[in-house]
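Work through the exercises below with the model open. Each task is followed by a stepwise solution.

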Amino acid sequence: MRSAPATNAYTTSWIGNTYGGGSKWVQNYVEAMYVGPDGTVYTNSTWDEAGREAGIYKNGDVVGPDFQLHGWSRVGGKAITANSKYIYLAMFQGSMGKIKEDYPPEGTSWYCVRRYTLSGKAAGFAGGRGYDQSMLIVSTKNPVTGLATVGNQLYVSIAKANRVSVYNTDTMTEVRNFSVSNPGQITIDKQGNLWIIQAKDGSTPPQILHYSAEGKRLPKVIADVVDPSAIAIDNQGRLLVAENGPRQQVLIYNIAGKPKQVGTFGIERGIFAGVPGEVGDLKFYGISGVGTDAAGNIYVNSNGFHNAGTDLRKFSPSGKLQWRLLGLHFVDNADTDPQSDGVDVYTKHEYFHMDYKKPAGKQWTYKSYTVNPFKYPQDPRLHTAPTSVFFRRIQGKPFMFLTDMYQSFMQIYRFNPTTDGKLAIPSAMFSGTSIKDGKPVESWPPNQPQEDKEWIWRDNNGNGAFDKGEYDASNRDYPYLGGWWVDSKGDLWKSLRTQEGIRHYPLQGLDAKGNPIYSYSSMKKDKTPSLFTDVRRIEYFPKTDTMYLSGFTKDHPAPDDDAGAAGSEIVRFDNWSQGNRTPRWRTVIPHDTTGKREVVTIAMSVAGDYVFSVTVKKPEVSVYNAATGKLVQKLKPGPEVAGESGWIDIPYGIRAFRRSNGEYLVFVEEDWKGKVIVYQLPR
């Protein structure tokens with residue numbers, strides 16, 4: 001048995017964000033973008049965990065201040081623009097109940113344009129609303145979908161109202177409005193005329209419409225688009241259109257006469273070209289913003305799909321990458337391919353290659369994005385919110401398992417480099433018994449059983465879709481889960497919060513398409529050890545026949561029903577498969593005793609000679625000796641990440657791995673500032 005590492009003999013690093021924290025981090029995702037003539041990039045979104053719903057970036061650096069769009073029932077929006085004096089952005093202001101300041105009455109909301117100085121300070125105006133008089137209420141029902149300025153006029157589109165309103169940029173009073181069906185983002189050409197995205201609406205295909213500044217419909221139209229997501233005018237007066245359909249390119253139009261596509265920017269099919277999923281400078285994916293500066297430099301933001309993260313890039317006019325900013329993680333944790341000795345690391349959407357000889361925060365290289373919504377539109381990651389990766393090798397082949405914050409499912413993905421490059425292919429999925437109470441079955445996934453039972457789906461025909469005849473729905477079980485686990489053989493384990501709560505799904509092999517086979521007929525049930533009143537996490541190691549369980553016990557019961565907690569004790573059992581239920585050791589972990597939930601352990605992970613756990617509000621990692629259960633060390637975020645971390649709010653927010661050189665890697669969720677923390681403990 002190795003001795004415990006010396007206290008504090010560890011380093012803190014991170015993956016997934018260009019910056020480690022403090023005053024600098026790249027926001028969770030970007031839903032709207034405007035580029036000023038000097039190359040300043042202004043962004044907006046509906047959420048950032050640390051409050052950067054809106055951001056300012058320049059020269060590859062974070063400039064952005066606090067726009068005060070977080071908390072107090074405020075969030076950002078999906079439109080932003082600026083002129084030589086002010087920033088204008090879409091935002092939402094909800095009610096705060098009875099309060100002295102100017103907020104919406106109870107039961108109502110404001111969809112606003114908020115004005116700021118170019119440094120990001122709120123710029124109030126006569127008649128402005130909100131606590132600082134900087135908000136222009138444009139609707140109480142529908143969000144702003146586009147913003148643009150020219151001269152002293154601000155154009156505001158509201159798709160659901162079928163209207164574009166025009167305001168004076170200084171007084172913020174309405175000048176006029178005109179009707180446009182389903183208007184989205186707006187840009188203004190050098191003649192002062194408007195180009196407006198009209199998004200797809202049911203069977204009506206998308207178009208880009210042309211209007212005069214006064215609101216008169218002009219004859220020019222662009223209809224050869226599939227999913228236009230952003231538009232801008234470049235320094236040559238050409239129209240740039242972000243095509244977010246299968247092409248994943250920026251389309252370039254000469255609009256001097258009849259609009260004509262005269263070029264493209266980016267590789268056709270984006271990240272799915274060449275080796276599918278492999279990252280490349282000109283390979284885009286989920287384009288949410290495009291713009292240019294006065295020198296003709298081009299800026300593109302890729303958001304992934306289902307708001308996967310920020311990938312903001314600047315290119316020279318010739319197309320050479322100048323800089324790139326990444327903020328890839330939100331409610332996410334990492335695991336390593338065990339065959340790679342910790343070098344290949346996966347999160348729910350991304351794959352990274354690690355070089356641990358480099359300085360903290362510089363060790364990771366973003367190599368691939370593993371989701372393809374065009375080939376696999378039923379990929380569960382596009383329809384659910386997974387948070388935690390278990391990466392395993394089964395019969396030498398790589399598989400990725402994902403569960404969510406509520407442990408309501410287990411998704412399984414396979415890989416086939418020959419047909420799909422770096423993509424993760426939907427392979428199988430477990431869904432627990434749900435309590436429907438007469439409610440209809442969810443619309444996704446398609447073809448799922450209608451009975452009030454749990455089910456296993458397996459992609460029998462290999463097309464990554466949930467087809468009829470691919471479900472096993474022969475079991476109904478206790479609906480409240482405590483945890484999931486995938487052991488080194490590929491067997492699945494599940495703990496249910498009941499006295500007969502251990503479920504074991506032995507792997508039955510791989511089918512002809514390479515999918516792992518599980519069934520209810522081969523499932524094994526076992527009783528929860530009697531010392532537990534509520535079992536939660538479960539980790540079994542077949543090589544040593546060792547079981548680790550966490551949960552609440554008779555000696556340390558739960559003060560209330562905190563469904564997310566890992567419990568009050570971690571317990572080790574040896575010779576589990578032989579029927580032994582006498583603990584080798586029990587250790588009490590930080591837990592709530594008051595009902596106030598100030599101290600809650602949420603996750604555990606076993607690797608090598610240690611058991612690791614992490615708490616929620618004060619994200620402190622406890623390290624226990626796996627042989628004795630005794631506490632040997634605690635880990636806290638180091639100066640490399642400004643000594644800070646957000647709450648750990650997912651049940652597998654910690655994942656540990658021991659490398660061949662004896663070093664331990666401990667991955668911890670850190671969605672506050674869009675990254676995953678990596679602790680490195682020497683042998």
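**Exercise 1.** How many residues lie between β13 and β14 in their hairpin, and which residue in the turn has a positive phi?

Solution. The model is predicted.
- Start with the strands: β13 covers residues 163-168 and β14 covers residues 174-179.
- Next, the pairing: the two strands run antiparallel and are joined by five bridges.
- Check the register: S165 in β13 faces N177 in β14.
- Now the turn: five residues separate the strands of this hairpin, and M172 has a positive phi of about 60°.

**Exercise 2.** Classify H210: is the residue buried or exposed?

Solution.
- Locate H210: the residue sits in strand β17, residues 207-211.
- Apply the cut-off: buried means under 20% relative accessible area.
- H210 has a relative accessible area of 4%, so H210 is buried.
- List its surroundings, leaving out residues up to four places away in sequence: D189, N193, L194, W195, K216, R217, L218 and K220 touch H210.

**Exercise 3.** Which residues touch the most other members of the largest nonpolar core?

Solution.
- The core holds 50 residues; I15, Y366, F612, V621, V668 and Y679 touch the most other members.
- Take V621: beyond neighbours within four places in sequence, its contacts include F612, V668 and Y679, as well as S613, V614, Q633, K634, L635 and I654.
- Another core lies apart, with 33 residues, including I394, F401, L531 and W576.

**Exercise 4.** Where is the pLDDT below 50?

Solution.
- The protein averages a pLDDT of 96, and 98% of the residues score at least 70.
- Residues 1-6 fall below 50; this stretch has 14 contacts in the model beyond near neighbours in sequence.

Technical notes:
Residues are numbered from 1 along each chain as its sequence is written. This is a predicted model: local features need pLDDT of at least 70, side-chain atom pairs count only at pLDDT 80 or more; totals for chains, interfaces and linings use all residues. Side-chain values use heavy atoms; hydrogens and water are left out. Two strands pair if DSSP finds at least two bridges between them. Helices (H or I, at least four residues) and strands (E, at least two) are DSSP runs, numbered from the N terminus. A nonpolar core is a set of buried Ala, Val, Leu, Ile, Met, Phe, Trp, Tyr and Cys residues joined through side-chain atoms within 4.5 Å. Buried means under 20% relative accessible area, exposed over 50%, partly exposed in between (1.4 Å probe, protein chains only). Contact means heavy atoms within 4.5 Å. pLDDT is the predictor's confidence in each residue, from 0 to 100.
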